[in-house]
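Reader: I'm new to this and keep tripping over the labels people use. Can we go through some of them together?

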Amino acid sequence: WGIHRLVKDGFGAPEKARLISLAFLAAPLHMLSVLITTDTPLIFFVALSGFALYYALKRQSRSLMLLSGSFWGLAILSKYFAGLLIFAVLAGLIRQKERRWFTYFALWVVGALPFVAFHLYGNYMNCWTNVLFNVVNRNQAVSWEIGGLVTFALFQIYLATPWLLYYLARNITSVRQGIKSARNPFPYLFAIPILLLGVVALHHSGLHWALAFYPFIFPLLVDLPRAHLNRIVICSMAFSLLHVAPVLTVLSMPVETFKNHKYYHDLVLCKYGHELYRKITAAYGSGYFPATNGYYTSGAMTYHSGRHFGVFLDYSKHGRQDDKLTDYKQLDGKDILVLATLPIDQDYAPFFESIKQETITLRHNAFYVVVGRRFRYAAYRERFLKKIDADWYTCPQWLPKGKCYFKEMYFDAEHGMQ
């Protein structure tokens, strides 16, 4: 709807609005979005920020510039990579020789400040978890590899589709003229974040990080002939069918068809987790605290059972939400059942008076169970929680000290950030 309205009213090309909207809807972007639903707010608010920016420049509206900045601030609350827009907006204002570029840029930033302040305060009161993960923890021991950049570049061609890029290149003269005459900021909103992400891809990149900026390539199609737009739509729809057909075929097959696949255990867990929980309850009753050895498995079992599954002895820097939800100090002396989808290679014996390891078979797949009797919290704190605290909850010196639920829960003498 946003792209249709933008092309129809903003660019004054109602005869092309439907075709460009169809080209957007048929793009691979929408084939992948169902796999990354957590990025939906990011894509939504980045697009709204760009659209509001266009109308702010077109109407010379300060209030719309503030609104655009506010949408940018909301996008930052979803993912830090939305911050790349600041370079794109600044470059767009300067390159288009906007007379009041500094005033507009300042208003745009001011619009985002309440949301950025809210984010920083929330982190200050909660162990700086977002900042630690995105800026510190996930960037440890990274290496630079040209292969990451090559993969990233190929993925961008796939997302934009070769035929869309071909017709843009074929009509590059009219596209350039249209950008200048319409004071169009979208080339900068698209190209600059993609180029910066390409640099990041040299050492680490999530291929889906660029998706938020792809709506900005489609307004550039407004200067293409209708015949070329028709071809883009037809090619994109055919390409989408190549995705949909195999996906529908796979979804219609019985899960057991994939019993030799290395991720078969995850398929069984996701589709038949409720059956697995019934088997666990039948075998072990309910007089225990249920947990798994990974946040993904815990999330699936919590969903299927309606009962919270904690995360036990998981060192991963990812998905540490359960550190907020489960207080292992309160479980001292109690029984804990730990479920795993793969053989357990960790030693659970130091944390219990006794343990029993068994397997449960469901749909031709073995799940692994450890039943620990009388949990030893003191040992768990010394051997595991202190390491988690040191590696994932200790802030660098440049961050101010704030509150931290993890330290307050387990290390009462060390309230606040270290």
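Reader: What makes Leu165 buried, partly exposed or exposed?

Author: Keep in mind that this is a predicted model. Leu165 has a relative accessible area of 32%. Buried means under 20% and exposed means over 50%, so Leu165, at 32%, counts as partly exposed.

Reader: Where does Leu165 sit?

Author: Look at helix α10, residues 162-170; that's the home of Leu165.

Reader: Why can Leu165 be part of a nonpolar patch on the surface?

Author: A patch residue needs over 30% relative accessible area, and Leu165 has 32%, so that condition is met. Leu165 joins Ile146, Val150, Leu154 and Ile157 in the patch, and together they have about 450 Å² of accessible area. Helix α9 (residues 146-160) gives the largest share, with 4 residues.

Reader: OK, now the inside. How many cavities of 30 Å³ or more are there?

Author: The count is 1.

Reader: What makes the largest cavity count towards that?

Author: Its space is about 130 Å³, and the cut-off is 30 Å³ or more. A cavity is a place where a 1.4 Å probe fits but cannot get out.

Reader: Which residues lie nearest its centre?

Author: Val311, Arg320, Asp322, Asp323 and Tyr328, out of 15 lining residues. The lining divides into 7 nonpolar, 4 polar and 4 charged residues.

Reader: Which helix supplies the largest share of that lining?

Author: That's α17, with 3 residues. Helices α16 (322-325), α17 (377-392) and α18 (405-410) each supply at least two.

Note on methods:
Residues numbered from 1 in each chain as written. Predicted model: local features only at pLDDT ≥ 70, side-chain atom pairs only at ≥ 80, totals over all residues. Heavy atoms only, no water. Patch = residues over 30% accessible without salt bridge, like charges linked within 9 Å, V, L, I, M, F, W, Y side chains within 5 Å. Areas by Shrake-Rupley, 256 points an atom, 1.4 Å probe, with all protein chains shown as cover. Salt bridge = Lys/Arg side-chain N within 4 Å of Asp/Glu carboxyl O. Buried < 20%, exposed > 50% of the residue type's maximum accessible area, 1.4 Å probe, protein only. 1 Å grid on protein atoms, 1.4 Å probe; cavity = no way out; pocket = protein on both sides within 12 Å on 5 of 7 lines; lining within 4 Å. Points joined across faces, edges and corners; volume = space filled by probe spheres on them. Nonpolar A, V, L, I, M, F, W, Y, C, P; charged D, E, K, R; others polar.
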